[in-house]
Amino acid sequence: MGGLRPWARYGLLIVAHLLALGLGAAVLQALEGPPARQLQAQLRAELATFQAEYGACLPTGALEELLGTALAAQAHGISSLGNVSKAGNWDLPSALLFTASILTTTGYGHMAPLSAGGKAFCVVYAALGLPASLALVATLRHCLLPLLSCPVAWVAVRWQLTPARAALLQALGLGLLVAGIFVLLPALLLWGLQGDDSLLEAIYFCFGSLSTIGLGDLLPGRGRDLNPVLYHLGQIALLGYLLLGLLAVLLAVETFSELPQVRALVKFFGSSGPLTAEDQGGILGQDELALSTLPPSTAAPEQAPAC
Amino acid sequence: MERGLRGANAELGDEDDRGRAYLGQELPGPIPSNQSQARGIIHAYQTGDIALGNTTSMGRWEIVGSFFFSVSTITTIGYGNLSPHTMAARLFCIFFALVGIPLNLVVLNHLGHLMQQGVHGCARRLGGAWQDPAKARWLTGSGALLSGLLLFLLLPPLLFSHMEGWSYMEGFYFAFITLSTVGFGDYVIGMDPSRQYPLWYKNTVSLWILFGMAWLALIIKLILSLMETRGRSYSCYRHSSKGDFQPRSWRQGPEGEAERHSPRPGCYPEGPGGARPPSEPSAQDILDLSGVDSGTRGCAEHRAVSG
């Protein structure tokens with residue numbers, strides 16, 4: 001494996017990437033396809049009975065149009081049925097949560113700007129806010145990482161560990177700590193508070209939020225008739241959780257990425273080759289520029305049969 | 001259903017009271033039973049299964065939709081137009097993301113690195129021809145920035161407005177929200193059942209996401225490293241003179257070695273041109289920050305190695 005050219009290794013990584021995507025797609029299709037089709041059939045049956053009962057009173061297509069309108073509004077977070085708090089959608093805690101979801105790039109999508117001005121503001125806000133928050137996180141990291149390595153250094157001295165072992169210990173410890181405090185604990189809390197959802201759903205939600213994927217399908221408290229004060233408190237809590245949790249995850253990932261094993265793995269697959277001096281780098285750069293057209297050509301044939 | 005989307009936006013705006021009244025007026029017959037049936041349909045829609053009318057392949061858990069979901073998961077965009085409901089699929093998602101997100105980060109990291117090397121190669125050749133390396137570097141840098149802006153943010157909305165029927169501003173909004181991985185999900189490509197999408201369209205969009213994210217992360221990385229270089233280049237000098245090295249060679253950043261030697265001039269105070277080549281580009285802020293931060297230690301480490 002080590003005898004492969006760097007671009008071949010990178011090409012291998014690209015292929016692995018695409019295979020992972022394909023595997024994910026296949027598994028999800030297998031797991032989600034049948035229940036979705038079942039639900040769809042069920043809904044069509046329900047629609048048919050509705051039409052049969054009241055179809056005479058309704059003009060053709062009126063129901064579909066109405067439901068389409070309601071669903072479209074739902075997609076933007078405006079609930080058209082049931083009891084909704086009169087405070088509206090864009091009160092202060094909700095708006096705060098929305099801006100936090102932009103800055104952390106989570107982007108739940110349960111609320112999205114409708115007006116052109118709102119969309120334009122979102123773009124500008126993200127363009128300015130993302131680098132600013134990254135800079136803030138970098139500064140916080142400068143301060144916090146030395147603090148975190150203190151207890152590990154103490155333990156390393158006590159137990160006579162080598163620096164490599166100490167690094168591994170620190171990474172594992174931090175990873176477990178972050179997983180415990182920021183994924184398990186909030187999930188247990190959510191599970192206890194919500195009651196009817198399973199623990200796995202709560203863990204799935206916490207994981208989705210902290211990894212900034214943010215699917216937004218399981219936001220706690222949505223669609224339930226909650227006391228508005230509690231609901232807003234919950235939103236503020238979620239806001240704090242997002243910000244703190246993401247910071248913790250970034251710290252943990254930073255610690256992991258500095259492990260020699262991880263670095264070796266990344267370097268093996270991603271590095272452009274052996275150590276180069278400034279001028280030699282120029283020649284190598286040209287090689288890689290020419291060869292960088294290789295990965296996309298491996299990408300296209302992979303995707304063609306998928307569609 | 002999706003046809004009525006934009007019209008529905010215009011109608012409903014953000015007044016949920018009006019939406020409620022609209023629903024109440026339209027449905028004849030016993031309102032409670034109508035509402036409960038409509039509520040059931042809306043709940044089913046909420047849980048992710050579009051049952052009314054036709055859906056495109058992107059909106060179903062078939063191979064294309066699942067593939068797109070996998071892409072949106074491991075890039076952490078997380079649109080949410082499709083989201084898994086079965087426990088098995090959610091569990092699989094968690095592990096898939098745990099493996100896929102780092103894999104994606106490494107791939108994009110190296111892609112950005114290749115782009116950067118290409119830019120540097122151009123700068124070197126131009127600098128050799130003009131006998132003015134600093135100016136050449138500045139020119140190629142801003143040229144890369146502008147061409148990337150054009151290619152990834154300004155031109156794709158034209159394609160989207162042609163294919164999806166969005167306005168240019170909506171297409172730009174979608175492009176920006178996607179590339180920054182926020183991914184609200186209020187705009188998603190390929191979801192309109194009344195339109196025909198050619199085969200190359202979805203593949204092109206996937207490639208655009210890949211390269212665009214690498215470019216955007218590169219830009220953010222460059223900005224951050226520019227900010228850090230000003231402050232650090234002097235403190236680095238101080239470090240080396242104080243002889244303040246900890247035996248923390250294992251804390252050097254990933255893929256550090258190749259560029260660590262070349263910015264030997266970077267350890268000395270740089271002029272306002274910021275001629276020090278930026279640290280390793282990364283796909284996301286995670287590796288992004290580690291590359292930036294390791295510059296400090298790398299500098300000290302380099303002095304330890306050479307001194």
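**Figure 1. Contacts and fold of chain A.** In this predicted model, 63% of the contacts in chain A between residues at least 6 apart in sequence join residues at least 24 apart. Chain A has 10 helices and 0 strands, and its elements, followed from the N terminus, read α-α-α-α-α-α-α-α-α-α. Of its 307 residues, 46% count as buried.

**Figure 2. Transmembrane regions of chain A listed by UniProt.** An unreviewed UniProt entry lists residues 116-137, 167-190, 202-219 and 231-253 of chain A under "transmembrane region". Two of these spans are worth a closer look here. Residues 167-190 of chain A are 100% helix and 0% strand, with 33 Å between the end C-alpha atoms. For residues 231-253 of chain A, the end C-alpha atoms lie 32 Å apart, and this span too is 100% helix and 0% strand.

**Figure 3. Two cysteines of chain A.** How many disulfides does the structure hold over all chains? The count is 0, and two close-ups help to show why. Start with A:C143: its closest cysteine sulfur is in A:C150, and because the two sulfur atoms are 13 Å apart, they are too far for a bond; a disulfide needs a pair within 2.5 Å. A:C143 is partly exposed, at a relative accessible area of 48%. Now turn to A:C206, whose closest cysteine sulfur belongs to the other chain, in B:C93. Here the distance is 15 Å, so this pair is also too far for a bond. Is A:C206 buried or exposed? With a relative accessible area of 1%, A:C206 is buried.

**Figure 4. The second largest cavity and its lining.** Searching the whole structure turns up 14 cavities of 30 Å³ or more. The second largest cavity holds about 130 Å³ of space. It is lined by 17 residues, and those closest to its centre are A:Y204, A:F207, A:G208, A:I213 and A:L215. Which elements each supply at least two residues of this lining? They are α6 (199-210) of chain A and, from chain B, α4 (63-74) and α5 (87-130). The most comes from α6(A), which gives 5 residues to the lining of the second largest cavity. Sorted by class, the lining has 11 nonpolar, 5 polar and 1 charged residues.

Notes
Residues are numbered from 1 along each chain as its sequence is written. Chains are lettered from A and ligands numbered from 1 in the order in which they are written. This is a predicted model: local features need pLDDT of at least 70, side-chain atom pairs count only at pLDDT 80 or more; totals for chains, interfaces and linings use all residues. Side-chain values use heavy atoms; hydrogens and water are left out. UniProt positions are given in the numbering used here, feature names are shortened, and annotations may be inferred rather than shown by experiment. Helices (H or I, at least four residues) and strands (E, at least two) are DSSP runs, numbered from the N terminus. Buried means under 20% relative accessible area, exposed over 50%, partly exposed in between (1.4 Å probe, protein chains only). On a 1 Å grid over the protein atoms alone, a cavity is a set of points where a 1.4 Å probe fits but cannot get out, and a pocket is an open set with protein on both sides within 12 Å along at least five of seven lines; lining residues have an atom within 4 Å of a point. Grid points are joined across faces, edges and corners, and a volume is the space filled by probe spheres set on the points. Ala, Val, Leu, Ile, Met, Phe, Trp, Tyr, Cys and Pro count as nonpolar, Asp, Glu, Lys and Arg as charged, and the others, Gly among them, as polar. Contact means heavy atoms within 4.5 Å.
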